[in-house]
Amino acid sequence: MKKAVLGGAAVATLLAALFAPEDEGSIVGPATATPRQVERVAVTPLAAVAAPQTDRALAIHPRRALEDEEAATLFAKQSWQPETPKKIMLDQQAAQAALPAARTDANAPPPLPFQFLGRFVDEGKAAYFLQAGDRNVVARPGDTLEERYRFDGVVQGALQFTYLPLNQKQTLAVGDLN
């Protein structure tokens with residue numbers, strides 16, 4: 001097999017050598033310039049640039065200044081994450097910050113320490129990802145979280161918890177769960 005390939009390569013090389021165009025010389029000569037008319041371009045001093053130039057003179061144009069809006073977005077932070085979860089988390093934080101000031105009842109449960117991060121559905125069973133302080137928690141309906149909360153499930157688009165010491169229901173708004 002190798003002999004056939006080598007023989008075919010040798011035949012191809014011989015045919016290429018026979019049918020190659022003949023060179024006039026073995027050394028390629030230096031490039032020669034053809035005479036042509038060279039146009040003279042007038043170079044004007046910077047002081048004369050403001051006046052409009054005619055003919056084919058070289059003109060220097062001042063740099064266009066960026067608008068404030070363009071300059072502000074030139075190096076702005078870009079993200080692939082949609083804005084909706086960020087908005088929901090900020091709304092939750094604002095609502096939780098306002099709750100302790102409004103809470104005056106001694107028998108009321110403390111505000112929920114959870115923030116909604118997302119959900120995952122596997123074989124028809126949903127798991128919800130929550131953040132409690134600096135820890136991430138996976139909750140399924142019926143789970144006890146932080147030894148004081150029981151996750152009851154989703155009721156009208158909100159996560160429902162039961163504060164076990166007082167046996168009171170609390171909800172965490174999460175927006176659209178689709």
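This passage describes the strands, sheets, aromatic pairs and one buried glutamine of a predicted model.

The chain holds 3 helices and 7 strands, and along the sequence these elements follow the pattern α-α-α-β-β-β-β-β-β-β. Of the 178 residues in the chain, 16% are buried. The chain exposes about 15,100 Å², of which carbon and sulfur atoms supply 57%. Where contacts between residues at least 6 apart in sequence are considered, 28% of them join residues at least 24 apart.

Two open sheets are described here, beginning with the sheet of 3 strands, which has the order S1-S2-S3 and antiparallel pairing. Its edges are formed by S1 and S3, each of which has a single partner strand, so that one side of each is left without a neighbour in the sheet. Direction ignored, neighbouring strands of this sheet are turned against each other by 25° on average. Strand S1, which comprises residues 114-122, runs antiparallel to S2 and is joined to it by 8 bridges; within this pairing, Asp122 stands opposite Lys125 in S2. The hairpin of S1 and S2 has 2 residues between the strands, and in this hairpin Glu123 takes a positive phi near 55°.

On the other side of the pairing scheme, S2 and strand S3 (residues 135-139) pair in the antiparallel sense over 5 bridges. Two of the facing positions can be named: Tyr128 stands opposite Ala139 in S3, while Phe129 stands opposite Val138 in S3. The hairpin of S2 and S3 likewise has 2 residues between the strands, and here a positive phi, near 70°, is taken by Gly133.

The other open sheet has 4 strands in the order S4-S5-S6-S7, again with antiparallel pairing. In this sheet the edge positions belong to strand S4 (144-145) and S7, and because each has a single partner strand, one side of each is left without a neighbour in the sheet. S4 and S5 pair in the antiparallel sense over 2 bridges, and the bridge partner of Leu145 in S5 is Tyr149.

Aromatic side chains provide a further set of links, and the structure holds 5 aromatic pairs. In one of them, the rings of Tyr128 and Phe151 have their centres 5.4 Å apart and their planes at 65°, so this pair is edge-to-face. The pair links distant parts of the chain, since Tyr128 belongs to strand S2 (residues 125-132) and Phe151 to strand S5 (residues 149-155), with their positions 23 residues apart in the numbering. Both partners are buried: Tyr128 has a relative accessible area of 6%, and Phe151 has a relative accessible area of 0%.

In another pair, the rings of Tyr149 and Tyr163 have their centres 5.3 Å apart, and with their planes at 55° the pair is tilted. This pair also links distant parts of the chain, with Tyr149 in strand S5 and Tyr163 in strand S6 (residues 158-163), 14 residues apart. Tyr149 is buried, at a relative accessible area of 1%, and Tyr163 is buried as well, at 10%. Ring pairs further link Phe114, Tyr128, Tyr149, Phe151, Phe161 and Tyr163 into a cluster.

Two members of that cluster, Tyr149 and Phe161, are also in contact with Gln170, a residue found in strand S7 (residues 168-173). Gln170 is buried, with a relative accessible area of 12%, a value that falls under the 20% limit for burial. A polar atom of its side chain lies 2.8 Å from the backbone oxygen of Pro110. When neighbours within four places in sequence are left aside, the contacts of Gln170 comprise Pro109, Pro110, Pro111, Leu112, Tyr149, Leu159, Gln160, Phe161 and Tyr163. Pro110 is thus named both among the contacts of Gln170 and as the residue whose backbone oxygen lies 2.8 Å from a polar atom of the Gln170 side chain.

Conventions. Residues are numbered from 1 along each chain as its sequence is written. This is a predicted model: local features need pLDDT of at least 70, side-chain atom pairs count only at pLDDT 80 or more; totals for chains, interfaces and linings use all residues. Side-chain values use heavy atoms; hydrogens and water are left out. Rings of Phe, Tyr and Trp (its six-membered ring) pair if their centres lie within 6.5 Å; planes under 30 degrees apart count as stacked, over 60 as edge-to-face and the rest as tilted. Buried means under 20% relative accessible area, exposed over 50%, partly exposed in between (1.4 Å probe, protein chains only). A polar contact is a pair of N or O atoms within 3.5 Å; within protein, one must be able to donate a hydrogen and the other to accept it, and residues adjacent in sequence count only if both atoms are side-chain atoms. Contact means heavy atoms within 4.5 Å. Two strands pair if DSSP finds at least two bridges between them. Accessible areas come from the Shrake-Rupley method with a 1.4 Å probe; for residues, only the protein chains shown count as cover. Axes are lines fitted to C-alpha atoms, for helices over the stretch in contact, and angles run from 0 to 180 degrees between N-to-C directions.
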